[in-house]
Amino acid sequence: MSDQFYLGIDVGSVTVKVVALDRHGELLRDYYCRSHGTPLSTVITILDDLFTCLPAELVVGLGTSGSGGELFAQLLGGIHMNELIAQVRAINRFHPEARTVIEIGGQDSKLLILERRGEETVLVDFSLNTQCAAGTGSFLDQQAARLGMSIEEFSKLALESKNPPYIAGRCAVFAKSDIIHLQQVGVETKEIVAGLCLALARNFRSDIGRGREFNRPIVFQGGVSRNPGMVRAFEQVLELEPGELIIPKHQVLMAAIGTALIAKDNHKIAFPWEEKREELARLARAREGREGAHRQLFLRPARRALVLPERSLDGETAVEAYLGIDVGSISTNLVAIDREGRMLGRVYLRTGGDPLLAVRRGLKILDSETGGKLVVIGAGTTGSGRELIGRLVGADLVKNEITAQATAAVVIDPEVDTVFEIGGQDSKFIRLKNGAIIDFAMNKACAAGTGSFLEEQSGRLSIPIERFSEIALRCPAPAPLGERCTVFMESDLIHHQQRGSSKEELVAGLAYSIAYNYLNRVVGNRKIGERILFQGGVAHNKAVLAAFQELTGKEVLVPPHHDVTGAYGMALLVREQMENGNGEGKRTAFRGFDLDRNYEVSHFTCRACANVCEIKQVKFRDGPPLFYGSRCGKFDELQRRRAHPEIPDLFEERERLLWGKNEDYDGLLSYEPRGRKQGRIGVPRALLFWEKLPFWREFFLALGYEVLVSPQTDRELLKASVQGAMALACLPSKVVHGHVKALLEQKLDYLFLPAMIDADFPGLTTQVNHNCPLIQGMPYVANGQFDFASRSIPVIEEPFHFYQPRKLRLELAELGRRLGGRGARVEEAIARAWAAQRAFERGCRKRGQEMLDELGPQRRGVVLLARSYNGCDRGLNLDVPAKLREMGALPIPLDFLPLEEVDWRPFSAVHWNCGKRILCAAEIVKRTPYLHAVYLSHFMCGPDSFIIHHVRHILGDEPLLFLELDEHSGDAGLLTRLEAYLDSLSHVALARAVAPAGVEVE
C-alpha cells in the first residue's frame, strides 16, 4: 500500500525520539519528548498519539536505537541497531558532504570521523564519552536549574557574554567548583554561562576528540545543538566562521531517522501494536526485580535530645549581638547570638549565584525579624565566599567552615566526637576529641553526595524535594543505585529507569546512594565515633538520616537549626575573639545592616592583559575600595593576605638550585654551551626534568650544545595541553604536550624526549625502582601526538636506566657519540653531569636540614608529599606552597628531607621510585616533632591511589591533608582545606598539651 510507513524509535537517557517515514523516506510525523524518568510510558504515550492519525497496522518496518530501545525491538519485532550506524545513515541522507559529526545528547557525546567513498559516506573513526556524563546536556540542564533559569534562558544568555571566564571542563561536575569561585568574586551570570559552554566545547575537543583532526564540513547535532551558546562555543574552539558549523534541520532526530531508514531498506514486519501494548504497559508499571534491593528505610527515634539555646527578644529594646555569616555555594545563612551564646535570630536563604545580593537581603531580613533591636559588637564570615563577604560587611574574623561547624557541634553537644555535614555543594567529615578537631575530610571538587545532586535528581524525576523523604520512607525495596560519583549515579538511575523501576524505588535508592557515597568517598577508612551529629541542609532529609543510621548501625542525631550551624559556629568564634585577649576593647568593623546606603558599585574594564576583565569596584563611605572580578588577581594584591616575610620560600630556593640561574625564569630558559656551539637541544619543563635537569643540562653543555628549556606552565600552556593530548591521563602527563608544542615553535637541532625507565636512590638495593609508565612512555606518546618527521627535528628518545649505573654509562656514551662527542670529551660530560646533579641534591639537603633544625612550636613545617613535577611546578600545584606560607606554615619540598637515611626495607615491594620516596618522607614526618604533611596528587594518578593508604598507615593519628588537583581555576575549596588542616594541627597540639597524664590524645 502506498500509505505504509516506517517507524524509528531512539530512547535516550533523557529524551525519547520517534519518527514516522513514508516509503520515500520523507518525514510524516516526529516527536521529541523528555522522558522524566519514565521512558517506557513516554514511548507508549507517543505511539498512542501517532496511531490516532497513522494506523498502527500500516507500520511495515521498525528500527530502534539508544540505551532503552532494544526492549521495543524485541517485543514489537523490529531491529535494534548501534546509534553510530543510525547516525551515519541519516548523515548520508541529509549531509553526505560532512567529514566530522559532533553529537551531544542528554548523557552521551559522540565524535564521528567520516570519509566519502564512491557514492557513500562511511565511518572511519569514532570516539564516545566514557560512562561519565561530562560535557553533555544533563550538566547544562543542572546548571540552568541551579542558576534559577530555564535551559532556553540559559542558552540565550550565553550570547550576551563578552569576556567569558575559563572554567575547567575535564569533568562537568568538577566545573561547579570553578562556577562557585567565579560567583563569589562577582563574575556576572552571563559570563559564567558562556564560560560553561566554552568549557564543554573544550572538554569535547580534548576528551572526546583526543587529538583527532576536526575536518570540515562539521555537523553539530543532538539536543545540545539547540543551544545557541554551545554553537558559538564550538565555533570559537574549532576556529570556525559563523555559519560554518552545520546544524541539521532535524538535529535532534538523526538517530531515530537513521534507524527508520535502515529498517525501510532491510526489514519488513507485521506490527503487533494492539497485541503488545498491554504487555509494554505492564512492564512500565512493573518494578525491577528485587534482587540486590536495599532494606526498607526506617527512621529510628532519637534516644537523647539536643538543645541549641535561644533567647526571646520580647520586651527588649536593644541587645548586644555577635553575628555569624555563612556564605555557601547554594545557601547563605546568618545567625545572631548574645553574649551567652543564645540564638537571637537566624536567616536561611538561597545564594542564587549572587553572594553580595544574598548577604544584603539576609541582613535586612535579620534586622527586620529582630525588630531592629540588635547591636552588633562582632561579626564573622565563613563559607566559600567568606573572604569577599568579610570585606564587604566589615568582618572582625574570617574563618573556614570546618572550624565553624565543629565549634557549633561542640556547643550543642559537648561530648560529640563525629560530625557529618552535608550542604548544597560540599560534604565534610569532622572527628573531635575533647572538643578539639583531630581529623577532617571534605569531598573533593566533585559534588558527590551533596544536596545539589538530590535536588537535581528530584527535579529530573518530577518529584518536589519537600516530598523526597515521605516517598523514600514508604518504599519497601529501594533500588541499588551504587555509591560512585554523582554523574555515575545518574547513569545508574537511568539504567534502572530503563528496566522499569518505580519512582519510589529510585528515590529511596538515592537516599542510600548519598549515604554510601559520603561514607565511602568522604569518610573512607577514618574512624567514626559514637556520638554523631548530622549537620547541614541535607540533614533535613529524613530518608538520608535513616540511611546513615542503617549503614552505620549507630545513633545519628540532627541538632536543632542544623541548616545554619556554620553561621552559628562562626558567631561563637567571633564572640570568643572579641571577648578574649585578641579583641578585648576593640570596636567591631561591622558596617551595619543596611549595606545599600554604605557603598556604591561601579564597573570598569581592565585591559592590562588578554583577560579583559570587567572589574567591579565597591566604594564605601569610609575605608579603601573593594575590587573584585579580576581573573589574574591584579586587583586582589591590596586585599589578599601577605606572606609572612620571616618564612623562607623553600620552593623558590629549590627552583634557583634546579635551574642554576639567578634571573627570572618564567619564560624560555637558555643555557650557553661549554666551548664552541654544536647546536641547540630543546628540553621540556615537565616530568622528571624537575629533578634531573642539572644532570642533562650539564651533559649537553659539556658536549658544546645550547640547552633551551620550555616556558613555565601557565594557563595558556595548560589549555594547549588539555586540548591536544590524545591520552586520558593525569594532568602532569598531559602537560608534556604543551611544553613540546612550545619547543617546536623554536629553532632546534634536537628535541630531547628520553624514556626514563628507572631512577637512582642512594642506598636502595631493591631489584627494581621504576618510574611511572607514563614517564617511561613519554617519547612514544609524543610521537602519537606530533608529526616530528614533517618538522625535520631529530628526537632523542632513547631509554635511560639511572638505577643501573653500568647500563646508564653505556647509554650515555652512545648518546654522546650521536651528538658528535668522542672518547675523553664524553667521559668528561658524564662526570660534569653527575657533579651538577649531586651539587643540586646536596644543596637541597643542606637547606632542608637547616630548616628542620629550626622547627618548633612557633615554626611548624609542612612537607609536600608529591612528585617533583607536580609538587614543585607552580602551574600544576595551584600555588599550594605560597598559600601555606600566607597562612603561617613553612612548606618544605620532599627532596629537602634526608630520605636516604630512612629504612626503605618495609617498602621494598613498591616498584615505583616516587612512591618509595613519598613513603620514606612520611616516616621522617612521623618521627620529627613539629613536622607535618600535605599529600598533593592529581586526578587519575594510579600509584597515588594506593600509596596514600600506606602513608595514612605510617602517620597513624598524625593529621594528614590529601589534595587531588586538576586544571581548576577556582581555589576557594583548596583554601578551606588548607586553613582547616592548619587549624586541626593547632587543635591537636593544644589537646596534647592540656591532656591529663595517662590520657592518650588521638
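The exercises below, each with a worked solution, concern a predicted model of one chain.

**Exercise 1. The chain as a whole**

State how many helices and strands the chain has, and what share of its residues is buried.

Solution. Begin with the elements: the chain holds 33 helices and 34 strands. Next take burial: of the 1002 residues, 61% are buried. Then look at contacts with a separation of 6 or more: 73% of these are between residues 24 or more positions apart.

**Exercise 2. A hairpin**

Describe how strand 7 and strand 8 pair, and what lies between them.

Solution. Step one is the direction: strand 7 (residues 109–117) and strand 8 pair in the antiparallel sense, over eight bridges. Step two is a pair of residues: Ile 113 has Asp 125 of strand 8 opposite. Step three is the turn: the two strands form a hairpin with two residues between them. Gly 118 lies in that turn and has a positive phi of about 65°.

**Exercise 3. Thr 136 and its surroundings**

Locate Thr 136, decide whether Thr 136 is buried or exposed, and list what Thr 136 touches.

Solution. First, the location: Thr 136 is in the loop between strand 8 (120–128) and helix 4 (137–146). Second, the accessibility: the relative accessible area of Thr 136 is 0%, and buried means under 20%, so Thr 136 is buried. Third, the contacts: leaving out residues up to four places away in sequence, Thr 136 touches Ile 104, Gly 105, Gly 106, Gln 107, Asp 108, Ser 109, Asn 129, Leu 200 and Val 224. Last, a distance: Val 224 is 88 residues from Thr 136 along the chain, yet their C-alpha atoms are separated by 7.4 Å.

**Exercise 4. Two helix pairs**

Classify the crossing of helix 5 with helix 7 and that of helix 20 with helix 21.

Solution. Two packed helices are described by the angle between their axes and the distance between the axes.

- Helix 5 (residues 151–158) and helix 7 have axes that come within 8 Å and cross at roughly 95°. Angles of 65 to 115 degrees count as roughly perpendicular, and therefore helix 5 and helix 7 are roughly perpendicular to each other. Helix 5 contributes Phe 154, Leu 157 and Ala 158 to the contact, while helix 7 contributes Thr 189, Lys 190, Val 193, Ala 194, Leu 196 and Cys 197. By class, seven of the residues in this contact are nonpolar, one is polar and one is charged.
- Helix 20 (residues 650–659) and helix 21 have axes that come within 8 Å and cross at roughly 30°. Angles under 35 degrees count as roughly parallel, so helix 20 is roughly parallel to helix 21. Arg 654, Glu 655, Leu 658 and Trp 659 of helix 20 meet Phe 689, Trp 690, Glu 691, Leu 693, Pro 694 and Arg 697 of helix 21. This contact has six nonpolar, no polar and four charged residues.

**Exercise 5. An open sheet**

Give the strand order of the five-stranded open sheet and explain why strand 13 and strand 15 each have one side without a neighbour.

Solution. The order is 13-12-11-14-15, and the pairing is mixed. Strand 13 (343–350) and strand 15 (397–398) stand at the edges with a single partner strand each, so one side of each has no neighbour in the sheet. Within the sheet, strand 11 (residues 319–327) and strand 14 (residues 374–382) run parallel and are joined by eight bridges. One of the paired residues is Leu 323, whose bridge partner in strand 14 is Ala 379.

**Exercise 6. Helix 27**

Compare the span of helix 27 with the expected value, then find what the buried residues of helix 27 pack against.

Solution. Helix 27 (residues 805–818) has 14 residues. From first C-alpha to last it reaches 20 Å, close to the 20 Å expected at 1.5 Å a residue. Its buried residues are Leu 808, Glu 811, Leu 812, Ala 813, Leu 815 and Gly 816. The buried residues of helix 27 pack against helix 21 (689–702), strand 27 (750–752), strand 29 (795–796), strand 30 (799–801) and helix 28 (823–853). After helix 27 comes Gly 820, with a positive phi near 95°.

**Exercise 7. Backbone details in loops**

Where do Pro 217, Leu 878 and Tyr 930 lie?

Solution. Pro 217 lies in the loop between helix 7 (189–208) and strand 9 (218–221), and the peptide bond from Arg 216 to Pro 217 is cis, with omega near 0°. Leu 878 is in the loop between helix 29 (868–871) and helix 30 (880–886); its phi is positive, near 50°. Tyr 930 is in the loop between helix 31 (913–927) and strand 33 (931–938), and has a positive phi of about 65° although it is not a glycine. With 32% relative accessibility, Tyr 930 counts as partly exposed.

Note on methods:
Residues are numbered from 1 along each chain as its sequence is written. This is a predicted model: local features need pLDDT of at least 70, side-chain atom pairs count only at pLDDT 80 or more; totals for chains, interfaces and linings use all residues. Side-chain values use heavy atoms; hydrogens and water are left out. Two strands pair if DSSP finds at least two bridges between them. Helices (H or I, at least four residues) and strands (E, at least two) are DSSP runs, numbered from the N terminus. The expected span of a helix is 1.5 Å times one less than its number of residues. Buried means under 20% relative accessible area, exposed over 50%, partly exposed in between (1.4 Å probe, protein chains only). Contact means heavy atoms within 4.5 Å. Axes are lines fitted to C-alpha atoms, for helices over the stretch in contact, and angles run from 0 to 180 degrees between N-to-C directions. Angles under 35 degrees count as roughly parallel, over 145 as roughly antiparallel, 65 to 115 as roughly perpendicular and the rest as oblique. Ala, Val, Leu, Ile, Met, Phe, Trp, Tyr, Cys and Pro count as nonpolar, Asp, Glu, Lys and Arg as charged, and the others, Gly among them, as polar.
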